[in-house]
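Dear colleague,

Please find the structure below, followed by notes on its sheet, its helices and its cores.

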Amino acid sequence: MSHRLPIIHGITEHDAGPYRLERLDLEFSNGERRQFERLHARGHGAVAVVPMLDADTVLLVREYAAGVHRYELGLVKGRIDAGETPEQAANRELMEEAGYGARDVRVLRTLTLAPTYMSHQTHLVLAQELYPQRLPGDEPEPLELVPCKLAELDRLILREEFSEGRSIAALFIVREWLKQQR
């Protein structure tokens with residue numbers, strides 16, 4: 001069953017740091033009126049990069065994650081700057097965080113974090129044909145590079161330090177995409 005989108009009768013906004021908190025006055029197709037809140041991202045979106053060292057090896061990074069106050073293993077990721085395409089942002093972030101550039105950079109799809117209340121979207125980018133290239137980044141310390149085999153994804157997802165949903169989903173998507181390309 002599909003529904004038509006609710007009618008927005010009004011939006012009030014509040015500043016919430018990197019987000020704008022919006023309160024929506026909605027009317028649903030059955031006449032129900034409700035207020036929903038959503039975090040509307042500022043900026044131009046983000047990228048999560050799956051850098052492939054070879055046909056079977058992905059390069060992960062270990063970095064401090066303030067939200068959970070521990071070091072977390074995950075993908076290279078970051079914000080898209082004004083005027084950048086997702087591909088350009090992915091290559092820049094890869095150079096800043098991992099010290100590699102990529103000759104073959106392609107967006108595979110877009111992922112959301114919590115679409116019921118956040119507008120934030122992350123472009124999943126596959127980076128292949130890597131070459132050494134470093135740009136200065138904004139990380140407070142060098143990130144540890146951790147190569148992992150896609151064939152060992154079943155073990156990787158059970159590691160306590162590998163918990164970020166975008167990274168987990170991205171590796172499954174890339175693994176399946178690469179299988180279809182062979």
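β8 and β9 run antiparallel and are joined by 11 bridges, and L111 has T122 in β9 as its bridge partner. This is a predicted model, in which local features need pLDDT of at least 70 and side-chain atom pairs count only at pLDDT 80 or more, while totals for chains, interfaces and linings use all residues. Residues are numbered from 1 along each chain as its sequence is written, and side-chain values use heavy atoms, with hydrogens and water left out.

Strands (DSSP runs of E, at least two residues) and helices (H or I, at least four) are numbered from the N terminus. An open sheet of mixed pairing (at least two DSSP bridges between two strands) is formed by 4 strands in the order β7-β4-β9-β8; its edge strands, β7 (76-79) and β8 (100-112), each pair on one side only, and the twist averages 25° from one strand to the next.

Helix α1 (residues 86-98) lies across β4, β7, β8 and β9, at about 120° to β8, whereas α3 lies across β4, β7, β8 and β9 at about 60° to β9. These angles, from 0 to 180 degrees, are taken between N-to-C directions of axes fitted to C-alpha atoms, for helices over the stretch in contact (heavy atoms within 4.5 Å).

The largest nonpolar core (buried Ala, Val, Leu, Ile, Met, Phe, Trp, Tyr and Cys residues joined through side-chain atoms within 4.5 Å; buried is under 20% relative accessible area with a 1.4 Å probe, protein chains only) has 20 residues, and V50, M52, V58, L60, L156, L171 and V174 touch the most other members. α3 gives the most to this core, with 4 residues. Apart from it lies another core, of 15 residues, among them V49, I80, A98 and L130.

Best regards

Note on methods. Buried < 20%, exposed > 50% of the residue type's maximum accessible area, 1.4 Å probe, protein only.
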